[in-house]
Amino acid sequence: MQHLNHAEIDRDHQRFADITSRLKTSDTDQFRILFSELLSHTETHFKREEQFIAQYNYPGKSEHCGEHNRLLTELRQFNQRVQQGRQTMARAYINGRVDEWLHQHITNMDAALVKHIESHS
């Protein structure tokens, strides 16, 4: 996983990756708990990033926050199903989509945000 040399953001990304890694090998009960944890962590992480976006008047706010909203909507929808005992689609999502999303988001969006923060600090 790419590090951006921003302690809080890098720590949040590592935790996200750790949770998704554990999800991939979890049993049914663990998956339910971990998926809820992933959603909660992602909400907290995105709030923190959006505080940086506002604090540093980041010009890519609309696109960046839009991507946050899109992922949160997906995670919330899957979490509802997971909590009802329907895990098949959420497992496929975790195994086939989330790692690539995280990589792309860090590389394309968060790297630009951190660069903006560094240039305005």
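Let me begin with helix H2, which covers residues 28–55, has 28 residues, and reaches 41 Å from its first C-alpha to its last, close to the 40 Å expected at 1.5 Å a residue. Please keep in mind throughout that what we are looking at is a predicted model.

At the N-terminal end of H2 there is a cap, provided by Asp27, where a side-chain oxygen lies 3.2 Å from the backbone nitrogen of Asp29. Beyond the other end, just after H2, Asn57 takes a positive phi of about 50°. Between these two places, the buried residues of H2 are Phe31, Leu34, Phe35, Leu38, Leu39, His41, Thr42, His45, Phe46, Glu49, Phe52 and Ile53. As you follow that list along the helix, it may help to recall that an α-helix has 3.6 residues a turn, so residues three or four places apart point the same way. What do the buried residues of H2 pack against? Their partners are H1, H3 and H4.

One residue of H3 lets us look at that side of H2 in more detail, namely Asn79, which sits in the helix formed by residues 61–83. With a relative accessibility of 12%, Asn79 counts as buried, because the cut-off for that word is under 20%. If we leave aside its neighbours within four places in sequence, Asn79 is in contact with Phe35, Ser36 and Leu39, and of these, Phe35 and Leu39 are among the buried residues of H2.

Now let us turn to H1, which has 18 residues and reaches 26 Å from its first C-alpha to its last, close to the 26 Å expected at 1.5 Å a residue. Its buried residues are Ile9, Asp10, Asp12, His13, Phe16, Ile19, Thr20 and Leu23, and they pack against H2 and H4.

How is H1 placed relative to H4? Helix H1, residues 7–24, and helix H4, residues 88–119, pack at an angle of about 170°, with their axes 10 Å apart. Since angles over 145 degrees count as roughly antiparallel, that is therefore how H1 and H4 are described. On the H1 side, the contact includes Ile9, His13, Phe16 and Leu23, while on the H4 side it includes Ile94, Val98, Leu102 and Asp110. Sorted by class, this contact has 10 nonpolar, three polar and four charged residues.

Finally, is Met89, which is found in helix H4, buried or exposed? At 55% relative accessibility, Met89 counts as exposed. The C-alpha atoms of Met89 and Glu67 are 21 Å from each other, with the two residues 22 apart along the chain.

Key: Residues numbered from 1 in each chain as written. Predicted model: local features only at pLDDT ≥ 70, side-chain atom pairs only at ≥ 80, totals over all residues. Heavy atoms only, no water. Axes fitted to C-alpha atoms, helices over the stretch in contact; angles between N-to-C directions. Helix = DSSP H or I, 4+ residues; strand = E, 2+ residues; numbered from the N terminus. Parallel < 35°, antiparallel > 145°, perpendicular 65-115°, else oblique. Contact = heavy atoms within 4.5 Å. Nonpolar A, V, L, I, M, F, W, Y, C, P; charged D, E, K, R; others polar. Buried < 20%, exposed > 50% of the residue type's maximum accessible area, 1.4 Å probe, protein only. Expected span 1.5 Å × (residues − 1). Polar contact = N/O pair within 3.5 Å; in protein donor to acceptor, adjacent residues only side chain to side chain.
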